[in-house]
Amino acid sequence: MPHSATNSANRLDRLPISTFHKTTIVALAFAYFFEFADINTFAITAPKVRVLWGSDVSHIAYVTSLSFVGMFIGSVVAGGLADRLGRKRTLMLTTMWFSVWSLATVFAWDMLSMGVFRVLTSAGLSAMTVVAVVYLNEIFPRAKRGKFQAYVIMIGICGTPATNLIASLVVPMGEQTWRLVYLWGAMGVLFLLFLRRLVESPQWLESRGRHDEAEAVLRDLESQATAEHGELPAADEPVAAEPAAKPGLRMLKQKKFLFPTILLSVLWITQTIGFFGFSSWAPTLLAAEGVSVEDSIFFVALTTVGAPLGSFLAAQVTDRFERKWCLVVFGLVIAGSGLLYGLTFLPVLVVVFGFMVNLFERGYTALAYAYSPELYDTRGRSLGTSISYGVGRLSNAVGPLIIAALYSGYGYMTVFYFIAGTWIVGALALAVFGPATRKLRLEAAAAQTA
């Protein structure tokens, strides 16, 4: 095949799910497990350290806000690194980064040191997430990648209830036992044990003009699939490729890159403020309204059990229906459930509506992780996904400050009106402007069947 042609995506799309796909699922699910474990550690230890260090709600807001600044920086930097160094190597670097700084948080001595360590940890968490999303998109067949993205998150999201349940046991044990929660979050470094089993993305290699390396990876994957499943169907004909170019922010000038980046930024801004506004503040607001710290942590732990079920629900619909409409429906259900959560203090209803928010939000996230990279070609995929995801995370630098101001000025319920409103805005933007992607997936599935 001449080096002016590209065929990695076509050859990968017609591969049946094989051992190397399953290995990738296990590896990424492990990384996601500890990413989700770590991302909520401050929210669930905040009520304890607030009392211990004599801090108030505004201090919690500042640490939470700065963490999202870290997420923005980490996401954008990782998008550039993944384009320059490769998807696999950047996965290694970002996982090491967030694990090291989560471990450092064990030794935080005041709210300032806590804030610094959380910013650095959050940068790594966001960076790893973006690269993992892009990597899975480029390795799995187009017709099935949404389902497996959801399954990876379904397994990984178990890190949230696991961490919350661990916290509900260890935080009340003593003044300093909250530190064990951050030690648990640092265990993500064990992802490095899986790394040697992963391959570099052939699509990335091809986009960088490294065709011989891409060919070697593809031949190896095809031989493994043939050994497991027999003769493979023929791939589509190679298509002409643009000359290999260095990716960078100059792509923002291109309409095919700029439009999806703006749309996805709206998606991730509303998702970030909507979900983290809920999950980061639920324990603190419940405690501030008179629910004991122990009960507030336990209630939130119960609601997060819905999270892996939400990813399972997404896996059932993501490749079967148009993803953008699934996102619209899920977003509206979250808005309604979150509003009803704010209306009640009855323990049973707090758990039920909190469960619904977690169920549909984690399903929404799984759908969005599959949808976002599909709006770009290989050259724009990593940077576009990282910028939009990063802008979403950056938006929550002001989100917690808005929530703190609404709570202080107008009361508890106003917070939940605001959160519901963000989900509705996101759903409307997708309904009106979101491109459809199902047709391309159906064509890929038909070609594979043929």
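**Figure 1. Gln-271 is a buried residue of helix α13 in this predicted model.** Gln-271 has a relative accessibility of 0% and therefore counts as buried, the cut-off being under 20%. The residue belongs to helix α13, which spans residues 255-279. Leaving aside residues up to four places away in sequence, Gln-271 touches Phe-276, Glu-361, Arg-362, Tyr-364, Thr-365, Arg-393 and Trp-423. Gly-392 is 121 residues away from Gln-271 in sequence, yet the C-alpha atoms of the two residues are 7.6 Å apart in space.

**Figure 2. Val-266 is a partly exposed residue of helix α13.** Val-266 is found in helix α13, as is Gln-271. The relative accessibility of Val-266 is 28%, so this residue counts as partly exposed; Gln-271, in contrast, is buried. Between Val-266 and Tyr-389 there are 9.5 Å from C-alpha to C-alpha, although the two residues are 123 positions apart in sequence.

**Figure 3. Helices α13 and α21 cross at roughly 155°.** Helix α13 is formed by residues 255-279 and helix α21 by residues 412-433, and their axes come within 9 Å of each other. Because an angle over 145 degrees counts as roughly antiparallel, α13 is roughly antiparallel to α21. The crossing of the two helices is left-handed. On the side of α13, the residues that meet α21 are Phe-259, Leu-263, Val-266, Leu-267, Thr-270, Gln-271, Ile-273, Gly-274, Phe-275, Gly-277 and Phe-278. Their partners in α21 are Phe-416, Phe-418, Ile-419, Thr-422, Trp-423, Val-425, Gly-426, Ala-429, Leu-430 and Phe-433. Sorted by class, the residues of this contact comprise 15 nonpolar, six polar and no charged. Both Val-266 and Gln-271, the subjects of the preceding views, take part in this contact. Trp-423 of α21 is also one of the residues that Gln-271 touches.

**Figure 4. Helices α2 and α6 cross at roughly 155°.** Helix α2 covers residues 19-39 and helix α6 covers residues 111-139; the axes of the two come within 10 Å. The two helices are therefore roughly antiparallel to each other, and their crossing is left-handed. Helix α2 contributes His-21, Thr-24, Leu-28, Ala-31, Tyr-32, Glu-35, Asp-38 and Ile-39 to the contact. Helix α6 contributes Arg-118, Thr-121, Leu-125, Met-128, Thr-129, Ala-132, Val-133, Tyr-135, Leu-136 and Ile-139. By class, eleven of the residues in the contact of α2 with α6 are nonpolar, four are polar and three are charged.

**Figure 5. Ala-9 is a partly exposed residue of helix α1.** Helix α1 consists of residues 8-13, with Ala-9 among them. Ala-9 has a relative accessible area of 23% and so is partly exposed. Ala-9 and Gln-203 are separated by 194 residues in sequence, but by 6.5 Å in space when taken from C-alpha to C-alpha.

**Figure 6. The whole chain, with 22 helices and two strands, is the setting of the preceding views.** The chain has 450 residues, and 60% of them are buried. Its exposed area is about 17,200 Å², of which carbon and sulfur atoms supply 69%. Among the contacts between residues at least 6 apart in sequence, 86% join residues at least 24 apart.

Notes: Residues numbered from 1 in each chain as written. Predicted model: local features only at pLDDT ≥ 70, side-chain atom pairs only at ≥ 80, totals over all residues. Heavy atoms only, no water. Axes fitted to C-alpha atoms, helices over the stretch in contact; angles between N-to-C directions. Helix = DSSP H or I, 4+ residues; strand = E, 2+ residues; numbered from the N terminus. Parallel < 35°, antiparallel > 145°, perpendicular 65-115°, else oblique. Left-handed = near helix turned anticlockwise from the far one by under 90°. Contact = heavy atoms within 4.5 Å. Nonpolar A, V, L, I, M, F, W, Y, C, P; charged D, E, K, R; others polar. Buried < 20%, exposed > 50% of the residue type's maximum accessible area, 1.4 Å probe, protein only. Areas by Shrake-Rupley, 256 points an atom, 1.4 Å probe, with all protein chains shown as cover.
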